[in-house]
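Got the model open in your viewer? Set it to cartoon and keep the selection box handy.

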Amino acid sequence: MATTIPEPPKIELDRLPRQSSGNGGWRNLVPADGDPRRVKDSSPPPASTGIWVGLASITMTFAAFTSALVVRQGGASDWRHIVLPPVLYLNTLLIIASSVTLEIARRRIATFMGGVKDRSANPARWLYITLFLGLLFVAGQTSAWLQLKAQGFGIATNVSYSFFYVLTVAHALHLLGGLGGLVRVIGKLNHSVLKRSTLDATSRYWHFMGVLWVYLLFLLWMKL
């Protein structure tokens, strides 16, 4: 009796998923029109979630500092009031100006990433200005600390001065993290690998640092 061998199934190659060469398999698929930005924008931005968690943590930290300051001042007989160095008010203007320049940079970069490739516009210019203003702010804070130290007011001089140093130094350290974020954004932009979620997360953090400093200055002016 003759046996019939079934024909092998036909595989339609057009229906198989294609991998682009050198892009890491399934993770970095290139769309049909060759625009990788569509793949990046469609993925969930983990930076957005992470930045909100970080801001919530910072808020709770400074809320604890505020509570400790208010309680300590209310029960202290040796509390001394501080004349805030004038440079702190200049620093306030600097950090507000840096938020304005960062917002200008964010909008211009969004336009640049949206397809307007005008290299003469230099979309990173406003980021450099923001970075420079941030460095001036840190320099101004350092000047305020040195002025108080030169007048004999150190961190152990009085409890009120201790709170001044703790609050301003803690803010400056968090601001340095924002400066590092700006440097990272500038590097990614110069290499044309910047994601919008990264830029937005860095902008939110920096604006938060500005709002936090205005709050701290008001707190120091009222309580110290």
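Here is a short walk through two helix pairs and a core.

This is a predicted model, where local features need pLDDT of at least 70 and side-chain atom pairs count only at pLDDT 80 or more, while totals for chains, interfaces and linings use all residues. Residues are numbered from 1 along each chain as its sequence is written, and side-chain values use heavy atoms, with hydrogens and water left out.

Select residues 87-113 and 196-223: these are helices H3 and H6 (DSSP runs of H or I, at least four residues, numbered from the N terminus). They pack at about 165°, axes 10 Å apart (lines fitted to C-alpha atoms over the stretch in contact, angles from 0 to 180 degrees between N-to-C directions). H3 and H6 are therefore roughly antiparallel (over 145 degrees).

Now swap H3 for H5, residues 159-190. H5 and H6 pack at about 160°, again with axes 10 Å apart. That makes H5 roughly antiparallel to H6.

Next, the largest nonpolar core, which has 52 residues (buried Ala, Val, Leu, Ile, Met, Phe, Trp, Tyr and Cys joined through side-chain atoms within 4.5 Å; buried is under 20% relative accessible area with a 1.4 Å probe, protein chains only). H5 gives the most to this core, 14 residues. Which two members touch the most others? Pick Leu127 and Phe164.

Finally, centre on Leu127. Beyond its neighbours within four places in sequence, Leu127 is in contact with Leu102, Ala105, Ile109, Leu182, Val185, Ile186 and Leu189 (heavy atoms within 4.5 Å).

Notes:
Helices (H or I, at least four residues) and strands (E, at least two) are DSSP runs, numbered from the N terminus. Angles under 35 degrees count as roughly parallel, over 145 as roughly antiparallel, 65 to 115 as roughly perpendicular and the rest as oblique. Buried means under 20% relative accessible area, exposed over 50%, partly exposed in between (1.4 Å probe, protein chains only).
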